[in-house]
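Please examine the enclosed spaces of the structure shown below, and then its cysteines.

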Amino acid sequence: MKILFYGTKNYDQQFFEKLLPDYPGITIKYIEANLQEETASLAKGYDAVCAFVNADISSPVVRVLCGCGVKLILMRCAGYNNVDLKTAEECGITVMRVPGYSPEAVAEHAIALALTANRHTHKAYIKCRENNFALNGLMGVNLFQKTAGIVGTGKIGQAMARICKGFGMKVIAYDMYPNPSLDFVEYVSLDELLKESDLISLHCPLTEETKHMINADTIAKMKDGVILVNTSRGGLIRTDDLIEGIRSHKFFAVGLDVYEEETDFVYEDMSEKIMPTSLIQRLLSFPNVTMTSHQGFFTEEALTNIAETTLENARDFMEGNELKNKVTA
């Protein structure tokens with residue numbers, strides 16, 4: 001099997017090359033260009049392509065891949081909302097993903113964002129570097145004995161719930177399918193979670209039902225002084241409404257690892273370019289907002305698991321085995 005690896009970073013190649021000798025018959029060509037309509041034709045002569053969450057795998061791209069003879073799209077991530085599954089099915093292209101790589105990695109980053117935004121450690125670091133040791137603007141709040149609201153209790157949400165419990169917080173959650181093994185978690189309605197939580201952390205997929213679930217109406221139901229964290233998908237939050245909520249002092253702190261307009265430039269150095277829109281700059285202008293570049297997954301353990309599962313997916317497809325990580329429309 002020949003795989004064209006789109007959007008390659010040095011860390012991608014490092015972890016895949018380390019494991020590749022254990023998968024005879026699979027060869028990978030790494031390119032820096034990301035998958036989009038203009039680059040899809042590069043896949044001619046390859047059996048499969050490997051793409052990440054920031055790739056464009058819309059219907060036109062899938063049809064170009066189909067014309068190139070591609071039979072398999074390997075997503076080296078859990079999310080697949082950027083893939084047109086219906087067109088892939090029409091073209092006879094199988095889509096596979098990595099459903100879980102290190103839930104603890106993302107959950108630990110979520111709590112790091114909450115702590116950083118709450119205690120202003122990002123600002124404190126910069127102040128100390130400039131020999132400014134004043135405490136002005138650095139006051140936070142205790143998380144101990146506060147209420148954590150977890151939206152979505154899949155593997156990452158479960159890991160976040162356990163961390164919050166370890167902090168001595170009361171943990172409530174909202175999920176269409178409650179997990180009975182989380183015996184310390186109280187499942188409530190979304191409205192009740194919004195009303196009762198001091199910390200709200202989002203851990204659900206982006207679907208038609210969840211898109212913009214955090215909006216003007218749901219923000220109005222939250223406690224004043226709530227801390228909001230999103231490490232899932234930017235589209236869960238309507239950014240304009242979030243900005244209005246920040247301006248009206250609804251939030252004590254906000255921690256974001258994902259945001260609506262990230263797709264075109266996430267993982268890229270844009271420091272010398274003028275951004276096409278101003279949403280991110282507006283968010284970064286607020287002193288109580290902390291943002292990172294979709295790095296929740298970025299640990300050695302997670303990257304190892306991503307590479308291993310992606311290569312296993314390729315081998316299962318190549319050998320005609322059960323495709324346990326196949327995604328269907």
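The largest cavity holds about 40 Å³ of space. A cavity is a set of points, on a 1 Å grid over the protein atoms alone, where a 1.4 Å probe fits but cannot get out; grid points are joined across faces, edges and corners, and the volume is the space filled by probe spheres set on them. The model is predicted: local features need pLDDT of at least 70, side-chain atom pairs count only at pLDDT 80 or more, and totals for chains, interfaces and linings use all residues. Residues are numbered from 1 along each chain as its sequence is written, and side-chain values use heavy atoms, leaving out hydrogens and water.

Lining residues have an atom within 4 Å of a cavity point. For the largest cavity they include Asn230, Leu242, Tyr259 and Glu260.

The whole structure contains two cavities of 30 Å³ or more. The second largest has about 30 Å³ of space, and its lining consists of Tyr11, Asp12, Phe15, Phe16, Leu303, Ile306 and Ala307. Two helices, α1 (10-19) and α11 (300-319), each supply at least two of these residues; helices are DSSP runs of H or I with at least four residues, numbered from the N terminus. The greatest contribution to this lining, four residues, comes from α1.

Turning to the cysteines, the structure holds zero disulfides, a disulfide being a pair of cysteine sulfur atoms within 2.5 Å. For Cys68, the nearest cysteine sulfur is that of Cys66, 9.1 Å away. Cys68 is buried (under 20% relative accessible area, 1.4 Å probe, protein chains only), at 13%.

Note on methods. On a 1 Å grid over the protein atoms alone, a cavity is a set of points where a 1.4 Å probe fits but cannot get out, and a pocket is an open set with protein on both sides within 12 Å along at least five of seven lines; lining residues have an atom within 4 Å of a point. Buried means under 20% relative accessible area, exposed over 50%, partly exposed in between (1.4 Å probe, protein chains only).
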